[in-house]
Amino acid sequence: VASTQSNVSSVFANFPTQTFYLYNKYLLIPAVPVAAAAVVLTPVITGVLLVGLPFFLPLLAALTTIASALSVVVAILYFSTPQGRERLGQTLIYPLLNTVLHTPAGQRLVYDIGPRPTPKSLAQSVLPTDIWSKLVVSLVIDFVGSSSYLIPIAGEALDLSWAPIQTILIAAMYDDVSPNLKYVSFVEEILPFTDVIPSATLGWTREFGPQLWMESMEKVKDVRMVVERERDALRDI
């Protein structure tokens with residue numbers, strides 16, 4: 001009896017920690033919609049605040065321009081030094097070239113050993129394929145797509161340049177599971193006031209959502225069986 005009580009206490013004492021570390025992936029099911037909404041609505045809210053505060057808009061634009069110009073100048077000066085060039089090569093250029101050159105698309109582009117690669121195939125050679133990295137990239141794509149609301153009205157013109165880039169990225173990541181998503185992405189980015197649609201995150205949900213849902217239901221069943229077993233053990237004490 002004492003042994004059974006000790007085992008039961010141990011299970012329930014460690015249950016919250018074990019559940020979090022083993023099943024935290026399944027928290028993505030409720031978390032992803034919230035994250036997607038936050039990503040696409042943040043530029044909208046910021047744009048509304050900027051419109052409501054016209055007095056501070058010129059000052060903010062001036063400060064942003066000055067900060068951007070200073071950052072560019074400092075970056076150019078740093079990367080023009082031997083240490084800067086070496087660090088840039090080791091952290092960005094060499095890993096990127098190594099990744100591209102180890103893909104068929106990159107080899108065709110550099111060595112001219114076949115048909116020229118398409119923008120989609122080049123994007124596929126550098127974009128991630130695992131669940132977490134694709135989620136981060138998808139949220140970034142949706143944030144950039146909706147950031148045109150930071151410059152009301154005029155920001156819609158920026159969508160003309162971003163729309164084809166977003167279409168290529170979404171096609172590279174999600175064409176296998178949702179071939180028509182790239183068309184939806186292009187249309188919502190071109191049309192005015194539709195940038196709040198998180199096209200990339202919808203593609204992630206289409207690819208990983210059903211699998212996560214099925215696995216989470218299986219885990220819920222397993223947890224329920226464990227709890228029922230422990231409850232029956234407590235009744236027999």
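**Exercise 1.** Which backbone oxygen lies 3.0 Å from a polar atom of the side chain of K134? Place K134 and describe its surroundings.

*Solution.* The model is predicted: local features need pLDDT of at least 70, side-chain atom pairs count only at pLDDT 80 or more, and totals for chains, interfaces and linings use all residues. Residues are numbered from 1 along each chain as its sequence is written, and side-chain values use heavy atoms, without hydrogens and water.

- Step 1. The oxygen belongs to M173.
- Step 2. K134 sits in helix α7, residues 131-146 (helices are DSSP runs of H or I, at least four residues, numbered from the N terminus).
- Step 3. K134 is buried, at 4% relative accessibility (buried is under 20% relative accessible area, exposed over 50%, partly exposed in between; 1.4 Å probe, protein chains only).
- Step 4. Residues that K134 touches include Y174, W204 and F208 (contact: heavy atoms within 4.5 Å).

**Exercise 2.** How many salt bridges does the count give? Trace them.

*Solution.* The count is three (a side-chain nitrogen of Lys or Arg within 4 Å of a carboxyl oxygen of Asp or Glu).

- Step 1. K134 pairs with E207; the closest N and O atoms are 2.8 Å apart. This links helix α7 to helix α10 (residues 199-236), 73 residues apart. E207 is partly exposed, at 25%.
- Step 2. K120 meets D175 at 2.8 Å, N to O. K120 is in helix α6 and D175 in the loop between α8 and α9, so the pair ties together parts 55 residues apart in sequence. K120 is partly exposed at 29%; D175 is buried at 14%.
- Step 3. K182 also meets D175, at 2.9 Å, N to O. K182 is buried, at 15%. Shared partners join K120, D175 and K182 into one network.

How values were computed
Helix = DSSP H or I, 4+ residues; strand = E, 2+ residues; numbered from the N terminus. Polar contact = N/O pair within 3.5 Å; in protein donor to acceptor, adjacent residues only side chain to side chain.
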